[in-house]
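Student: I should like to go through the ligand sites of this entry and test each term against its definition. May we begin?

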Amino acid sequence: MSPQTIESPTQGSRQRTRSCATALVCHRCDHRYPLESSVFACPDCGKGLDVVYDYEAAAAHFRDVPAAERPHNIWHFEELLPIVDAGAQARVGQHSGYTPLIRADRLGAELGLSNLFIKDDSSNRPSLSYKDRVVSMSVARLLERGKSEIGCVSTGNVGTAVASLAAKAGVEAYICYPNRLEDTKAQACAALGAKVFQVEGNYDEANRRCREVAEDTGMDFANITLRPFYAEGAKTASFEIVEQLGWEAPEHIVSPAAGGTLSSRMHKGLNELQLLGLAETERTAIHIAQPSGCNPIASAILAEEAEVHPVMPETMAHSLAIGAPGDGYLVIDAVHKRGGTAAFASDPEIFAGIDLLAATEGLLTEPAGGTTIAVLEKLASAGRFGPDETVVAVITGNGLKTLPDHPEKKWRHGIDCKMEAMREAIDQLKATPSLMQTAHEQLQV
Ligand SMILES: *Cc1c(COP(=O)(O)O)cnc(C)c1O
Ligand SMILES: [Zn+2]
């Protein structure tokens with residue numbers, strides 16, 4: 001296929017990607033806007049905007065360009081992503097996505113599931129969380145617009161993704177952190193060269209204010225003004241899961257939810273694979289995991305309501321602590337259409353989930369991952385999955401990045417560096433219960 005070009009008023013003509021994106025459309029009122037426009041919320045009804053595609057053209061591209069010729073990164077499915085400028089695309093996310101799908105046989109044995117997989121976004125690059133997928137779209141879009149500064153507001157992982165991906169693209173990053181988060185996250189962003197401002201208040205307050213700041217200063221924000229583009233990046237997780245299973249869609253996906261982007265856009269991604277005739281994805285149910293201390297989406301699903309009621313977050317799982325989730329209504333719709341469900345986990349259960357994943361699969365996840373595993377365990381115990389059905393749990397963040405303040409030290413300390421003392425320490429360690437045992441005891445309560 002011959003490369004097409006796009007005309008840009010500032011930079012002349014540029015190479016075009018195979019993106020089949022055609023327009024932006026309001027999630028609620030179907031009002032359409034040109035793809036090039038900078039609106040990010042519908043002026044008529046205030047709802048967010050979705051990207052629409054020419055699926056016939058996308059299907060033709062998929063026939064023309066075989067998988068072997070496609071890069072193993074988030075751009076593998078570039079037809080179904082919103083970036084049209086090949087130059088911008090080449091500067092972002094070249095090592096993001098395509099994270100491993102791990103057969104979790106040891107965890108599966110514990111839960112009575114013989115086809116359990118972990119989609120391991122805790123190893124995503126460059127910043128070890130699912131946010132590398134979505135922020136890559138924001139930064140690429142920013143470059144497409146010819147801008148050189150990007151802002152964001154973060155519960156933790158958006159910040160490090162923006163700091164890292166912006167640095168690589170040569171873009172200046174400004175990161176707003178609510179002060180209720182771990183300082184190490186702000187520290188990591190600053191170490192990556194981003195300009196960080198920590199504000200008093202929680203995420204929801206900071207988010208609302210950043211929207212005004214964006215409008216006032218004209219600065220683009222990765223997860224506010226670039227939101228329609230940001231959200232599209234989340235679909236890549238579902239594309240990869242299905243491809244990695246040999247184009248056999250799983251019966252179940254268990255996903256954590258904060259703002260609701262990941263879970264609602266995996267639903268969109270599954271629909272698109274079906275539309276393109278790449279896989280039968282209608283049978284895939286999406287189940288939502290949230291912390292008990294911040295569960296507005298899960299509560300609405302369980303109460304069969306169509307809208308979420310905002311809550312005041314109170315949980316150790318900071319990356320899931322969004323009390324007023326922007327995409328909540330889309331998640332409810334996705335779970336409903338796919339016959340899924342939702343459940344939540346208390347902070348002690350979340351820690352037990354972290355421990356169980358560590359003890360069985362050797363993966364250290366942050367509280368968001370612990371939430372997913374605790375909910376996976378609950379749904380398995382409740383008989384929600386058939387023993388041979390394929391279940392994929394999405395682990396979205398790395399524990400080495402966000403080590404939670406565990407209530408107690410799990411190691412022996414203050415040991416004399418002498419033969420006798422060290423042998424004694426080993427004997428005492430042999431007598432202490434394993435992580436597997438303690439995780440089990442905690443989860444069985
Ligand atoms: C942001 C985040 C989520 C949830 O993402 P949403 O798309 O906002 O629902 C889950 N896990 C981790 C680790 C995150 O950083
Ligand atoms: Zn509208």
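Student: What makes the shell around ligand 1 seven nonpolar, seven polar and two charged?

Tutor: The division follows residue type: Ala, Val, Leu, Ile, Met, Phe, Trp, Tyr, Cys and Pro count as nonpolar, Asp, Glu, Lys and Arg as charged, and the others, Gly among them, as polar. The model is predicted, so local features need pLDDT of at least 70 and side-chain atom pairs 80 or more, while totals for chains, interfaces and linings use all residues. Residues are numbered from 1 along each chain, chains are lettered from A and ligands numbered from 1 as written, and side-chain values use heavy atoms, without hydrogens and water.

Student: How do you know that Tyr130 makes a polar contact with ligand 1?

Tutor: A polar contact is a pair of N or O atoms within 3.5 Å. A side-chain N or O atom of Tyr130 is 2.7 Å from a ligand 1 oxygen, so the pair qualifies. Gly260 offers a backbone N or O atom at 2.8 Å from a ligand oxygen.

Student: Why is the site of the zinc ion (ligand 2) called tetrahedral?

Tutor: Cys26, Cys29, Cys42 and Cys45 coordinate the zinc ion through SG at 2.3 Å, and donors are N, O and S atoms within 2.8 Å of the metal (3.2 Å for Na, K and Ca). Four donors count as tetrahedral if all angles lie between 85 and 135 degrees; the angles here are 93 to 125 degrees, therefore the site is tetrahedral.

Student: Which spacing do the donors follow along the chain?

Tutor: The zinc donors follow C-x2-C-x12-C-x2-C.

Notes: Polar contact = N/O pair within 3.5 Å; in protein donor to acceptor, adjacent residues only side chain to side chain. Tetrahedral: all angles 85-135°; square planar, octahedral: opposite > 155°, others 65-115°.
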